[in-house]
Structure formats: structure tokens, C-alpha cells
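Visitor: I have a protein model open on my screen and I would like to learn how to read it. Could you walk me through it?

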Amino acid sequence: MVLAVRPDNTANDKPATRAPSPPQADHSLDVRHWALKSLLQIWREAHRGDDLPRRADLSPARFGRAMPHVALIDVEGDPPRYRWRLIGTHVTKRLGRDKTGRWFDEIYDAPTLARLCEVYGESVTQRVAIRYTGSFAFAGKEHLPYEALHLPLVDDGGRVSMLLIAVAVGR
């Protein structure tokens, strides 16, 4: 998920007291958190044969209690550019900020942007679901652990145009 951010002159953007641990990819999808398990099942059920699901194949009404754990990331262009389309309330409350609607390259410094593009790009280029675990320092918060699930969604042409991210932050 998010590793660090470039200060944007807001009161919440103070340096963290501990360094984040880098994201660890788990391709076996050994999901632990109930909300992530639920969203993974919904994503799997939305597959159209061997094709990845489209956003239209997923009804947010099915997300139920897991909805606050959902983030959507738009994927545009080549090389991909990423934008936070939606960030669920579980995540925004735990991190104390909401960057919905913002492009990654408008928010993050160059090293952080490169790492985020690498992490999110893995699901985009490989067209697979990936579970990540790690921790991050964010907006002056202490060291927070997370579990995240990156689920690619395709447009009508079969290109990955969105990532459905399921996130469980904290203790």
C-alpha cells in the first residue's frame, strides 16, 4: 500500500517516528482479514471464464460490510499513471487523510512514486491478484501494519484500467 508521502504543507504531514517495512508480495493469496477474504471471493465470482472481471461485473452492493476497506485506483496510459478514485473510510480514518481524486504523481515524491508504481504495476502487468503485507509511516502516524489485496479489473478492450484494492490497516 502506501509507503510514505511527500509533504504537501498540511499539518498532518509530519515525519514518522519509525521507518516503514517494505511491502511483501504473497502470490498464494493467503488472505487473513475477513473483509479481504470477502472481496477476493466476490472478485473470483465475477470472472468471465478466463477473462478478468470488469468494474461493471462487480456490484458495490455485494461488498456489504467490507465496503469501508475498498479503494479503487484508476490506471491510465502507457506507462501507467495512477489516480485514487475512491478510498474507503476504514483507510481514511486510520490514516487521517483522504486523497480521493488525486493522481499519484501529484502527491508522492519521486522515490515513493517509483515504488508505488512498481507495486501496483505488478498486478497491472501480470494481470493477477496479489496480497501484500507490510507497514507504513503516513501523515505523522506511528508505524502501522497493513494487509492489502490488489485485484485487477479490465475495460471492454481487456486492458487493466482499474485496481480494486482491499485494505485492512492496523492492529
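Guide: Gladly! Keep in mind that this is a predicted model. Let's begin with burial: Trp 84 counts as buried because its relative accessibility is 2%, and buried means under 20%.

Visitor: Which residue forms an aromatic pair with Trp 84?

Guide: Aromatic rings pair if their centres lie within 6.5 Å. The structure holds six such aromatic pairs. In one of them, Trp 84 meets Tyr 120 edge-to-face, with 6.3 Å from centre to centre and 90 degrees between the planes. This pair links distant parts of the chain: Trp 84 belongs to strand E3 and Tyr 120 to helix H4, 36 residues apart. Tyr 120 is buried too, with a relative accessible area of 0%.

Visitor: How are the rings of Phe 104 and Tyr 108 arranged?

Guide: Phe 104 and Tyr 108 are an edge-to-face pair, 5.4 Å centre to centre with 85 degrees between their planes. Phe 104 is buried at 1% relative accessibility, and Tyr 108 is buried at 4%. Step back and you can trace a cluster: ring pairs link Tyr 82, Trp 84, Phe 104, Tyr 108 and Tyr 120.

Visitor: What sits over the ring of Trp 103?

Guide: Here we look for a charged group above a ring. The charged end of Arg 81 sits over Trp 103, 4.0 Å from the ring centre. You can also find Arg 65 over the face of Trp 34, at 4.3 Å from the centre of that ring.

Visitor: Where do the buried residues of helix H1 fall, seen down its axis?

Guide: For a helix, note which residues are buried and then look along the axis. Helix H1 covers residues 34-45, and its buried residues are Ala 35, Leu 36, Leu 39, Leu 40, Ile 42 and Trp 43. They fall within an arc of 160 degrees, so they line one face of the helix. Among the elements covering them are strands E2, E5 and E6.

Visitor: Is Glu 147 in strand E5 buried or exposed?

Guide: Glu 147 is buried, with a relative accessible area of 8%. For a polar side chain like this, check which atoms it reaches. The side chain of Glu 147 comes to 2.8 Å from the backbone nitrogen of Arg 32, and one of its polar atoms lies 3.0 Å from the backbone nitrogen of His 33. Beyond its sequence neighbours, Glu 147 also contacts other residues, including Leu 36, Tyr 132 and Val 167.

Key: Residues numbered from 1 in each chain as written. Predicted model: local features only at pLDDT ≥ 70, side-chain atom pairs only at ≥ 80, totals over all residues. Heavy atoms only, no water. Phe/Tyr/Trp six-rings, centres within 6.5 Å; stacked < 30°, edge-to-face > 60°. Helix = DSSP H or I, 4+ residues; strand = E, 2+ residues; numbered from the N terminus. Buried < 20%, exposed > 50% of the residue type's maximum accessible area, 1.4 Å probe, protein only. Lys NZ or Arg CZ within 6 Å of the ring centre and 35° of its normal. Expected span 1.5 Å × (residues − 1). Arc of directions from axis to C-beta. Contact = heavy atoms within 4.5 Å. Polar contact = N/O pair within 3.5 Å; in protein donor to acceptor, adjacent residues only side chain to side chain. Lists of a residue's contacts leave out its neighbours within four places in sequence.
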